[in-house]
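Thanks for coming. I have one structure to go through today, in two short parts. Please have a look at it before I start.

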Amino acid sequence: MSYRWEIRTDGPSRPWPDAAERLLATIRGLDRVFPGEAGTARLTPDGSLSLGRGRLWLAWHEPGRDRTELRVGTKPQLNPALEERLPEVSALVAELGRVWTADYAWIDLRHVRRSWNRRRPGHPVFSLATWLAASAARTDTTGLDVDTTDTADGRLIVLRRPSAAIGNDEEGSLSGGRALVEALALRTTLLAL
């Protein structure tokens with residue numbers, strides 16, 4: 001299956017006097033999960049940062065004056081990492097959420113974000129793996145087919161579906177996992193707005 005995915009964080013806009021340290025922590029985390037991919041960094045014409053062989057990139061986006069997203073994009077050659085090492089990639093999602101003091105972080109699949117979530121500024125996006133800062137939101141996962149990891153600063157929620165199956169069920173209707181994502185969104189209470 002050919003698709004593109006990203007890791008995204010979303011949080012309040014703020015000055016980053018320690019941005020260099022946070023960026024280094026991000027690159028170290030990427031290098032741990034994607035060995036050999038997060039080498040030399042190059043600035044691209046569109047203002048993003050291309051890493052290593054160009055199969056990973058970093059960019060910042062301002063969806064609103066008061067919100068900022070960090071986007072870690074991947075090229076399709078790294079799709080097997082998502083399918084074969086979802087626990088490691090999910091842990092990286094939580095790590096980047098903490099590094100950038102985000103409200104939320106998630107594995108972004110475009111059709112899941114656009115069609116399955118009620119995307120508004122300040123609201124989490126649920127996907128294969130979503131990290132919620134404890135100060136931003138709470139989600140009741142009781143009885144849902146997910147694994148959760150609670151930490152002092154948040155909760156990581158990972159769907160128990162094979163990553164290749166999200167958005168692609170037996171009938172090929174691109175709806176695999178949709179009901180689960182919608183249930184997570186409905187069971188979420190926002191705290192940070």
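**The cavity, then one strand**

The largest cavity holds about 80 Å³ of space. Keep in mind that this is a predicted model. Counting cavities of 30 Å³ or more, we get one.

What lines the largest cavity? There are 13 lining residues. Those nearest the centre of the cavity are Thr 9, Gly 11, Trp 16, Thr 68 and Trp 100. Sorted by class, the lining comprises six nonpolar, four polar and three charged residues.

Two strands, β1 (6-12) and β5 (67-74), each contribute at least two residues to that lining. Which element gives the most to it? That is β1, with four residues.

Now the second part, strand β10, which covers residues 154-159. Why is β10 described as largely enclosed by the rest of the structure? Because five of its six residues are buried, and buried here means under 20% relative accessible area.

Next, the partners of β10. Strand β9, residues 146-151, runs antiparallel to β10 and is joined to it by six bridges. One pair to find on your screen is Asp 147 with its bridge partner in β10, Val 158. The connection from β9 to β10 is a hairpin through two residues.

Strand β7, residues 129-133, also pairs with β10, again in the antiparallel sense, over five bridges. Here you can look for Leu 132, which sits opposite Arg 155 of β10.

To recap the second part: β10 pairs with β7 and with β9, and five of the six residues in β10 are buried.

Conventions. Residues numbered from 1 in each chain as written. Predicted model: local features only at pLDDT ≥ 70, side-chain atom pairs only at ≥ 80, totals over all residues. Heavy atoms only, no water. Buried < 20%, exposed > 50% of the residue type's maximum accessible area, 1.4 Å probe, protein only. Pairing = 2+ DSSP bridges. 1 Å grid on protein atoms, 1.4 Å probe; cavity = no way out; pocket = protein on both sides within 12 Å on 5 of 7 lines; lining within 4 Å. Points joined across faces, edges and corners; volume = space filled by probe spheres on them. Nonpolar A, V, L, I, M, F, W, Y, C, P; charged D, E, K, R; others polar.
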